[in-house]
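These are my notebook entries on a structure that is new to me. I set down what I looked up, entry by entry.

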Amino acid sequence: MASKEFGRSLREDFFFESGYTPLNHGSYGAYPRVLQKTLHEYQEKAEAFPDRWNRLEMYPELRKCRELLANFLHCDADELVFSPNASSAASTILRSFPFEQGDKILHFTTAYVNINSALKFARDHHKLELVPIELKYPLNDDAITELVKETLAKEKAKSGRPIRMAVFDVLSSLPGVLFPYEAVNQICQDNGIITVLDGAHSIGQVPLDLHKTDSDFFFTNCHKWLFVPRGFAVMYVAKRNQGYLHPSTINAAYQAHSDPQDTSSFEDEFSSPGTIDHSHYFCVAAALKYRESLGGEDAIMEHNHNLAVQGGALVADILGTQVMENDDRTLTASMVNVELPLKKDIALSSSDIAATIIKKLVYEHHTMASPYYNNGKWWVRLCAQVYLDLDDFKTGGEALKTVCQELNSL
Ligand SMILES: Cc1ncc(COP(=O)(O)O)c(C=O)c1O
């Protein structure tokens, strides 16, 4: 039973300035005020006796955080390591995986911008070939799995190196939609392909069971939907793959492994990337406690999903457009995508249209929702969250309507 009501009254639990309508939780997340005490306590522990903390007492505490997260994600603590963010986790995997020249990587055009760049870097650095699949939404899950199967069949018919790795989202960023990651993971692994799941938006937004999914690699941002202070991603590496990976910052524990199943240096190589402030890692327990105080994971996810569905419909109504959904209604979790009523012939480049919308939302309307272009239309992603209610979506919808009218009159 939740002790607090979801909605606007929860806004005071967070640090938001008054008058701000926070409809873009997905980009940077936000953490509740109660965690600040924990954050400062751990910073003080480090300051009180830096050697005792950094050399001795910090490591058992880090282990406890990994155990908490392993329990939450349904995997072993030995399979989890920390990383500052999802971009850094993706770069770690793509830089250090021992590709062979000519290997191919399957990926989707809707990947997050930094991940797309990391893929290009991997292509150039390891001399690989990228195999992109373009996704034009709305798409049913079956349509996506069919595209994957068709692409794999086409690639198999070609000569040259096979597809070695596939990189795909659990929930994509723009559009903010749920991707059929379990089905795609299965198809890829059945074809001998190593799978990397970008779950940046997933922890705290959708239930996860990493052992059931059994991907080869997975990472997620605790600072987005789990309410932990920023700069905290967790990366899962199945034990069978731990010998493949080394962190981007190499430390004293480095060992070369000829066997991917050699797990001997994995924990030590990742646990100390030089001297950093680890204090936000120790806020996991407090974040989970705060979430329990709201009624727990199911209650949070139910509120956020219902609000995304109803809020999206309200914004589409205000704008006279449509929500991006497929026939099976599987796209919307806690983020919803609504078409923007923009003319085709606005005399600005796409990047200028997006930048103008963002600046107007931020400075003239004290809100934010991410605009983007997909399948010949402009859309906006709005994020539901525990501290929002339908009135906030109304505020966002009206702001978007004004901004679109202004752009259409340019
Ligand atoms: C799908 C996806 N992957 C990766 C990232 C990168 O996250 P970060 O900026 O924390 O590295 C984001 C950021 O929003 C994202 O949406």
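The entries below go from the domains to single residues and then to the ligand.

**Entry 1: the model and its domains.** I record at the outset that this is a predicted model. I looked up how the chain is divided and found domain 1, made of 8-30 + 296-408, and domain 2, made of 39-287. Between the C-alpha centres of the two domains I read a separation of 28 Å.

**Entry 2: where the domains touch.** I asked how many residues each domain gives to the contact. Domain 1 supplies 20 residues and domain 2 supplies 19 residues. On the side of domain 1 that touches domain 2, I noted the elements giving two or more residues: helix H1 (25-28), strand S8 (335-339), strand S9 (370-374) and strand S10 (377-383). S9 has the largest share of that side, with three residues. By class, I listed seven nonpolar, nine polar and four charged residues on the side of domain 1 that touches domain 2.

**Entry 3: the annotated span.** I consulted the UniProt record, an unreviewed entry, which places "domain: Aminotransferase class V" on residues 32-340. In the model, the end C-alpha atoms of residues 32-340 are 32 Å apart. I noted 43% helix and 13% strand for this span.

**Entry 4: backbone exceptions.** For background, I remind myself that most peptide bonds are trans and that most residues other than glycine have a negative phi. Which peptide bonds did I find to be cis? One runs from Tyr 137 to Pro 138, with omega near 5°. I located Pro 138 in the loop between strand S3 (129-133) and helix H6 (141-156). Another runs from Leu 174 to Pro 175, with omega near 0°. Pro 175 sits in the loop between strand S4 (163-169) and helix H7 (181-190).

I then looked up positive phi values. Lys 127, although not a glycine, has a positive phi of about 60°. I found Lys 127 in the loop between helix H5 (113-126) and S3. Arg 329, also a residue other than glycine, has a positive phi near 55°. The loop between helix H11 (297-319) and S8 holds Arg 329.

Are these two residues buried or exposed? Lys 127 has 12 other C-beta atoms within 10 Å, so I entered Lys 127 as exposed. Arg 329 has 11 other C-beta atoms within 10 Å and is therefore exposed.

**Entry 5: Thr 195.** I turned next to Thr 195, which lies in strand S5 (residues 194-198). Is Thr 195 buried or exposed? I entered Thr 195 as buried because 23 C-beta neighbours lie inside 10 Å, and the cut-off for buried is 20 or more. Leaving aside neighbours within four places in sequence, I listed the contacts of Thr 195 as Ala 166, Asn 185, Cys 188, Gln 189, Ser 215 and Asp 216. I also looked up Val 184, eleven residues from Thr 195 along the chain; their C-alpha atoms are separated by 9.1 Å.

**Entry 6: around the ligand.** How many residues surround the ligand? I found 14 residues, the closest being Asn 85, Ser 87, Tyr 112, Ser 173 and Ala 200. Helix H4 (86-96) and H5 are the elements that give two or more residues to this shell. By class, I entered four nonpolar, eight polar and two charged residues in the shell around the ligand.

Definitions and conventions. Residues numbered from 1 in each chain as written. Predicted model: local features only at pLDDT ≥ 70, side-chain atom pairs only at ≥ 80, totals over all residues. Domains from an automatic or database assignment. Contact = placed C-beta atoms within 7 Å. Helix = DSSP H or I, 4+ residues; strand = E, 2+ residues; numbered from the N terminus. Nonpolar A, V, L, I, M, F, W, Y, C, P; charged D, E, K, R; others polar. Near = placed C-beta within 6 Å. UniProt positions renumbered as here; feature names shortened; annotations may be inferred.
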